[in-house]
Amino acid sequence: MRFIKRTLAFVLIIILSILVLGPRTTASGASDRVIYQVTWLSDHSAKVTLKWNNASNKTPIMMTSWSVNDSGALVIRYNQGNDLMEGFNSRTVEDSKMESPCIILLRENVSNGSDSIFPDLPSDPEKANSIEHLYHMGIISGYPDGSFRPQGNVTRAEFSKMLYVSGDMTDELESPIVFNDVMDSHWAKGYIYTLATKEIVNGKGAGRFDPEGTITVGEVLTIISRAFDTYGETYSYPYGLEDHWSNSYFIEAVNQGVVKPTDDFFYPYSPDRKATREECALLLSRVMASYHSVK
């Protein structure tokens, strides 16, 4: 059986249990929201637990149904409210059309029937699903006006937080590197120094991390490749590359299926291009939706 063989191959892999950031309002950029944890049980089954990202929220959650959409994502529907019985937020989900691991999307059963999380999701299904995937894992949020702004840029501090949460990390602040532009009061200090301690980031030289600088495609791929090993479909790169310090990380990301030939920066590889919010979500979602381990 395919799952058994794969399980034996990856017996040392710890499947991430996803924790979250963040509180609940109807705006996508805000507050309390329902997120999930998942343990994959077989090729076609998983144990899924819904929870509030704000642990102080005790409102009961009830899973009501699930299905696999045309993109192969598992869509889980739920109700939430104080009138519901507790204990129905965790279920073993089985579907012959589900190929684990996969993207999971959450949908609340609401009176207006709207499934929209953000009004400005990309038209490309993979990019749209990737954004919602990370949102429902508590890794990313939108803006206070409810938008996501997929073409917006990402700062190096912001991506450090995304990576930290994706890897379910805890603070490790014994970094041999001291960044003179990351003050004790900086909101991302814990994320940045944890990644530096793990040698996932090493700054930009001269004691600088440049936390407010815009992160590039090459930097994103380098950080992801240093942080994760993924085990899934793989690709090769048939083209030549101009000399760039990130080339080996790019090739590793291609080989591990994190980068695909359909990506805008695949050919020609464009490492110095500023990474967009949708690209950061797409790449991290591919890691989260695959069997993977944190290095």
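Which residues in H7 are buried? In this predicted model, the buried residues of H7 are Arg 277, Glu 278, Glu 279, Cys 280, Ala 281, Leu 282, Leu 283, Leu 284, Ser 285, Arg 286, Val 287 and Met 288. The points below begin with that helix and then turn to the pocket, the sheet and one residue of helix H6.

1. Helix H7. Because 12 of the 12 residues of H7 are buried, the helix is largely enclosed by the rest of the structure. Its length can also be checked: at 1.5 Å a residue, the 12 residues of H7 should span 16 Å, and the end C-alpha atoms are 16 Å apart, so the two values agree.

2. The largest pocket. The volume of the largest pocket is about 640 Å³, and its lining is made up of 28 residues, of which Pro 101, Cys 102, Glu 233, Lys 260 and Ala 289 lie nearest the centre of the pocket. Two or more lining residues come from each of helix H1 (2-9), helix H2 (125-136), strand E7 (228-231) and helix H7 (277-288), the last of these being the helix discussed in point 1.

3. Character of the lining. When the lining residues of the largest pocket are sorted by class, nine are nonpolar, 11 are polar and eight are charged.

4. The open sheet. Three strands, in the order E1-E2-E5, form an open sheet in which the pairing is antiparallel. Strand E1 (34-42) and strand E5 (90-94) stand at the edges with a single partner strand each, so one side of each is left without a neighbour in the sheet. From one strand to the next, the twist averages 25°.

5. Pairing of E1 with E2. These two strands run antiparallel and are joined by eight bridges, while the connection from E1 to E2 is a hairpin through two residues. As an example of the register, Val 34 has Trp 52 in E2 as its bridge partner.

6. Pairing of E2 with E5. Strand E2 (residues 45-52) also pairs with E5, again in the antiparallel sense, over five bridges. Within this part of the sheet, Val 48 stands opposite Arg 91 in E5.

7. Ile 251 in helix H6. Ile 251 belongs to helix H6 (residues 247-255). With a relative accessible area of 26%, Ile 251 is partly exposed, because buried would require a value under 20% and exposed a value over 50%. Ile 251 and Ser 236 are 15 residues apart along the chain, and their C-alpha atoms are separated by 7.8 Å.

Terms used. Residues numbered from 1 in each chain as written. Predicted model: local features only at pLDDT ≥ 70, side-chain atom pairs only at ≥ 80, totals over all residues. Heavy atoms only, no water. 1 Å grid on protein atoms, 1.4 Å probe; cavity = no way out; pocket = protein on both sides within 12 Å on 5 of 7 lines; lining within 4 Å. Points joined across faces, edges and corners; volume = space filled by probe spheres on them. Helix = DSSP H or I, 4+ residues; strand = E, 2+ residues; numbered from the N terminus. Nonpolar A, V, L, I, M, F, W, Y, C, P; charged D, E, K, R; others polar. Pairing = 2+ DSSP bridges. Axes fitted to C-alpha atoms, helices over the stretch in contact; angles between N-to-C directions. Expected span 1.5 Å × (residues − 1). Buried < 20%, exposed > 50% of the residue type's maximum accessible area, 1.4 Å probe, protein only.
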